[in-house]
Amino acid sequence: MKLQLSVVGLGKLGVPMLAVFAHKGFDVVGVDLDPASVAALNAGRSPVPEPGVQALIDANRPLVRATTDMRDAVLSSEVTFIIVPTPSGEDRFFRNDFVIATLRSIGSVLREKQGYHNVVVTSTVMPGSTGGVLREALEEASGRKVGNELGLCYSPEFIALGSVVRDLLHPDMVLIGECDSKAGDMLEYIYRHTVNSNPEFQRMNWVNAELCKIAVNTYVTTKISYANMIAEMCDHLAGADADVVTSALGADSRIGKKYIKGAVGYGGPCFPRDNKAFAALGRSLGMKADLAEATDSINDRQADRLRYAIESSLPARSRVAILGLSYKPDTAVIDESQGIALALRLLENGFQVVVSDPEAIPGLRSFLDERIERAASVEEAIRGADAVAIMTPWAAYRNIPPAWFGRGEQAKVVIDPWRVVAATSLDPSVRHIRLGKGDWMNGHEYRMAAE
């Protein structure tokens, strides 16, 4: 069975999806309202800087094209994937405006198309959306009922920016919320011919799949905050080591090693908002999602935890270099950046701040306070700083020459929540604060500040 696919939304996930589908032999057409993204893809250039995507596009040019015309895309395909934004509203629920507009556009084309068409919502939506307003919009616009002539699935991806291609090719699980077995079988066929791994296929109704998506992310954020809580305890216990404790925790198969390292708070475009949406869902149902709320509370104080460590080590007006603004290595994305959060807190408390990042600096928006200096390199950021805070564990930061951290009267304070700097390589005069290890001292001052 050779299926033609269309992907609506040429963003950070849509373009990698399109590239992976083409890599596996599917003819794919991308759809976007942005003419620049469409033109780039038609010229063989990826509109997004995700690792591995350009190579897949280069190798599969004949199978990839893009258009701004929804009619062209829908008439040229049997399955349409929707991956458009679902921004959070003031109530923390995901807004469906862009998904609904897309479904209406697809539906209007289906009125003139013969035969079966399967629509797959990949954008993250709140439980109840697919079987409610999304189904209604598609059926009304198409003049069809979901069933024999029209499929509707909810199938979100579990990926991380910076490793989207790898995650799409090697998923642990494929989640399919289906209207019926016909739509689900077609989607499972596509995924089985896309992945390189042997994932579990979890097929269920729409609402279970919607709840599962945000429940997975909320469980992961809970693990991150739990590890940070352990690290915070270790700050106060002489001889305690968060890495030793969490490594032992992760060895228990009931817990596992993924996401169980205490360091800084979680950020990015998904984890913070999904966790808040889960808590908001609980409130809307008349119950409390206590774990999600506690997870948020722990996460919200992590930037202040680092600020307290800096303030207890330096006089006011000191100059602090913050290394790492992207929310994780191998991406330029700065959504909910812990590095930026720390920079703003330090600035508010009278410190001078200089920032550096291997990829994120060019994309910084104007909201970053103009008083924060942007360094052209890591060396420039460290030079002249009184303290250095390593907020993102970029591989390059593990190889910073120890001499850059100074010695004697020029020795700097190194705030190292990820423990990426080898303590034995530093001059003894450098104060190396490895958060999560009880040997960084000054516990009484830290505790008083935290209270």
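The legends below describe views of a predicted model of one protein chain.

**View 1. The whole chain, with its 16 helices and 14 strands.** Along its principal axes, the C-alpha trace of this predicted chain spans about 80 × 50 × 40 Å. The radius of gyration is 24 Å, which agrees with the value near 22 Å that a compact globule of 451 residues would have. Of the contacts in the chain with a separation of 6 or more, 73% are accounted for by residues 24 or more positions apart.

**View 2. The surface and the charges of the chain.** The accessible surface of the chain comes to about 19500 Å², and 52% of this surface belongs to carbon and sulfur atoms, while 56% of the 451 residues count as buried. The side chains include 48 positive and 55 negative ones, and the centres of these two sets lie 2 Å apart.

**View 3. Ala36 in helix 2.** Helix 2 is made up of residues 35-42, and Ala36 is found in this helix. Ala36 counts as exposed because its relative accessibility is 54%, and the cut-off for exposed is over 50%. Pro47 lies eleven residues from Ala36 along the chain, and the C-alpha atoms of Ala36 and Pro47 are separated by 8.1 Å.

**View 4. An open sheet of six strands.** The strands of this sheet stand in the order 11-10-9-12-13-14, and their pairing is parallel. At the edges are strand 11 (373-374) and strand 14 (431-433), each of which pairs on one side only. As background to this view, strands of a sheet pair through backbone hydrogen bonds, and this pairing may be either parallel or antiparallel.

**View 5. Strand 12 and its partners, strand 9 and strand 13.** Strand 12 (residues 387-390) pairs in the parallel sense with strand 13 (residues 413-415) over three bridges, and in this pairing Val388 stands opposite Val414 of strand 13. Strand 9 (residues 319-323) also pairs with strand 12 in the parallel sense, here over four bridges, and Ile322 has Ala389 of strand 12 as its bridge partner.

**View 6. The two faces of strand 12.** Ala387 and Ala389 lie on one side of strand 12, whereas Val388 and Ile390 lie on the other. These four residues are all buried, and both faces of the strand are therefore covered. Two of the residues named here also appear in the previous view, where Val388 stands opposite Val414 and Ala389 is the bridge partner of Ile322.

Methods:
Residues are numbered from 1 along each chain as its sequence is written. This is a predicted model: local features need pLDDT of at least 70, side-chain atom pairs count only at pLDDT 80 or more; totals for chains, interfaces and linings use all residues. Side-chain values use heavy atoms; hydrogens and water are left out. The radius of gyration is taken over C-alpha atoms; the globule rule is 2.2 Å times the number of residues to the power 0.38. Buried means under 20% relative accessible area, exposed over 50%, partly exposed in between (1.4 Å probe, protein chains only). Contact means heavy atoms within 4.5 Å. Accessible areas come from the Shrake-Rupley method with a 1.4 Å probe; for residues, only the protein chains shown count as cover. Lys and Arg count as positive and Asp and Glu as negative; His and the chain ends are not counted. The place of a charge is taken as NZ of Lys, CZ of Arg, CG of Asp or CD of Glu. Two strands pair if DSSP finds at least two bridges between them.
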